[in-house]
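Please find below a short note on the structure, set out as numbered points. It is best read with the sequence and the model side by side.

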Amino acid sequence: MDERGPVDFMSPEYIYRQVAAAIVADIRSGRLPVGARLSGERAMAEEYGVAVGTVRKAVALLREQGVLVTMPARGTFVVKQPDDDADAERSAADE
């Protein structure tokens, strides 16, 4: 993987949640500022070494939290900075 935080396949944390956390880290660091377009699903899957479905689930989680928005035929964009880990904890409790 790369310096952005590799996915740990041996971790008890779901892989899609690790990918979502890596995206959030990129947003917080400024690598993905508000308004930035994310790479396509296939490119992200290759980047993280995971299946496209895993990327879809990670993006869906961040959409539910209001961090990302996906626009048909345009892509997925950062619409706000993540508040804190409370959103992630609430979503985990809902699963």
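1. The model discussed here is predicted. A convenient starting point is the lining of the second largest pocket, to which H2, H3, E1 and E2 each supply at least two residues. Among these elements, H3 gives the most, with 4 residues.

2. The second largest pocket has a volume of about 190 Å³. Its lining is made up of 17 residues, and those closest to the pocket centre are Ser39, Glu41, Thr70, Gly75 and Thr76. By residue type, the lining divides into 7 nonpolar, 5 polar and 5 charged residues.

3. The largest nonpolar core should be considered next. It contains 23 residues, of which Ile23, Tyr48 and Leu68 touch the most other members. At least two residues of this core come from each of helix H1 (15-29), helix H2 (41-48) and helix H3 (52-64). The largest share, 7 residues, is supplied by H1. As general background, nonpolar side chains tend to be buried together in soluble globular proteins.

4. The loop between strand E1 (68-71) and strand E2 (75-78) deserves a separate remark, as Ala73 is found there. The phi angle of Ala73 is near 65 degrees, a positive value in a residue other than glycine.

5. Is Ala73 buried or exposed? Ala73 counts as exposed because its relative accessibility is 90%, and the cut-off for an exposed residue is over 50%.

Technical notes
Residues numbered from 1 in each chain as written. Predicted model: local features only at pLDDT ≥ 70, side-chain atom pairs only at ≥ 80, totals over all residues. Heavy atoms only, no water. Core = buried A, V, L, I, M, F, W, Y, C linked by side-chain atoms within 4.5 Å. Buried < 20%, exposed > 50% of the residue type's maximum accessible area, 1.4 Å probe, protein only. 1 Å grid on protein atoms, 1.4 Å probe; cavity = no way out; pocket = protein on both sides within 12 Å on 5 of 7 lines; lining within 4 Å. Points joined across faces, edges and corners; volume = space filled by probe spheres on them. Nonpolar A, V, L, I, M, F, W, Y, C, P; charged D, E, K, R; others polar.
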